[in-house]
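Reader: I'm new to this one and would like to learn how to read it. Could you walk me through it, a feature at a time?

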Amino acid sequence: MRITDTLLSNLLSVFPVVPPEAGGILGSDDGGKTVTHFVFDAGKPLLDCAIYMPDIPFLNEVIRDFAAQGVQFCGMVHSHPSAEDTLSKDDEAYIQQIMNA
C-alpha cells in the first residue's frame, strides 16, 4: 500500500501538534492501493491512562461518509509519546483483534 505525498505531509504536520495518543482513520479512493484520505480523531479522553481510545461512533460516521464518496476504509493511525518508536503491546493486541474479526 502506498501513501500520497500530500497525505503523508498532512500526517507529519498534524501529529506533532496534538497530544500523544490521538489518531485518525485512513481511506483510499483507488481500491486500497494508495492511502488518499485522512480524518483526524481526538479519540475519547481517558484520564487514568495514556492510550488512544477511538471515538467509534464518530469513526463509523466517517466510514459511512467515505463509502458515499467511493472511498474505502483502509486503516487507522495514532500517535505515541515521542520516546516510543514501536508498537505497544496494547497496539499489537488490538491489531490482532481486528485481524481476527
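Reader: Let me start in the middle: leaving aside neighbours within four places in sequence, which residues is Gly-24 in contact with?

Author: A word on the source before that. This is a predicted model, where local features need pLDDT of at least 70 and side-chain atom pairs count only at pLDDT 80 or more, while totals for chains, interfaces and linings use all residues. Residues are numbered from 1 along each chain as its sequence is written, and side-chain values use heavy atoms, with hydrogens and water left out. Now, contact means heavy atoms within 4.5 Å. Beyond its sequence neighbours, Gly-24 is in contact with Phe-38, Val-39, Phe-40, Asp-41, Tyr-52, Met-76 and Val-77.

Reader: Where does Gly-24 lie?

Author: In strand β2. Helices (H or I, at least four residues) and strands (E, at least two) are DSSP runs, numbered from the N terminus.

Reader: And is Gly-24 buried or exposed?

Author: Buried means under 20% relative accessible area, exposed over 50%, and partly exposed in between, with a 1.4 Å probe and protein chains only. Gly-24 has a relative accessible area of 0%, so it is buried. The rest of the strand fits in with that: 6 of the 6 residues of β2 are buried. Follow the directions they point in: Gly-23, Ile-25 and Gly-27 go one way, Gly-24, Leu-26 and Ser-28 the other.

Reader: How do I read the sheet, and in which order do its strands come?

Author: Two strands pair if DSSP finds at least two bridges between them. Here 3 strands form an open sheet in the order β4-β2-β5, with antiparallel pairing. The edge strands, each pairing on one side only, are β4 (37-41) and β5 (72-78). Averaged over the sheet and ignoring direction, neighbouring strands are turned by 25° against each other. Angles like this run from 0 to 180 degrees between N-to-C directions, and the axes are lines fitted to C-alpha atoms, for helices over the stretch in contact.

Reader: How many bridges join β2 to β5?

Author: There are 6, with β2 covering residues 23-28. Ile-25 stands opposite Met-76 in β5, and Ser-28 has Gln-72 as its bridge partner there. On the other side, 5 bridges join β2 to β4, where Leu-26 is partnered by Phe-38.

Reader: Which helix packs on the sheet?

Author: That's helix α1 (residues 5-14), which touches β4 and β5 and whose direction makes about 15° with that of β4.

Reader: What about Asp-41: what does its side chain reach?

Author: Think of polar contacts: a pair of N or O atoms within 3.5 Å, where within protein one must be able to donate a hydrogen and the other to accept it, and residues adjacent in sequence count only if both atoms are side-chain atoms. The Asp-41 side chain reaches the backbone nitrogen of Gly-43 at 3.0 Å and the backbone nitrogen of Asp-55 at 3.2 Å. Asp-41 sits in strand β4, and its relative accessible area is 3%, so it is buried. Not counting residues up to four places away in sequence, Asp-41 touches several others, including Ala-22, Tyr-52, Pro-54 and Phe-58.

Reader: Could you do one residue from a helix? Why does Phe-66 count as buried?

Author: Because its relative accessibility is 5%. Phe-66 lies in helix α2 (residues 56-68). With neighbours within four places in sequence left aside, its contacts include Ile-25, Leu-26, His-37, Val-39 and Phe-73.

Reader: Let's zoom out. How many helices and strands does the protein chain have?

Author: It has 3 helices and 5 strands, and from the N terminus on they run β-α-β-β-β-α-β-α. For the overall shape, the radius of gyration is taken over C-alpha atoms, and the globule rule is 2.2 Å times the number of residues to the power 0.38. The chain's radius of gyration is 14 Å, close to the 13 Å that the rule gives for 101 residues, so it is as compact as a globular protein of that length.

Reader: What share of the 101 residues is buried?

Author: Buried residues make up 29% of them. As for contacts with a separation of 6 or more, 58% are between residues 24 or more positions apart.
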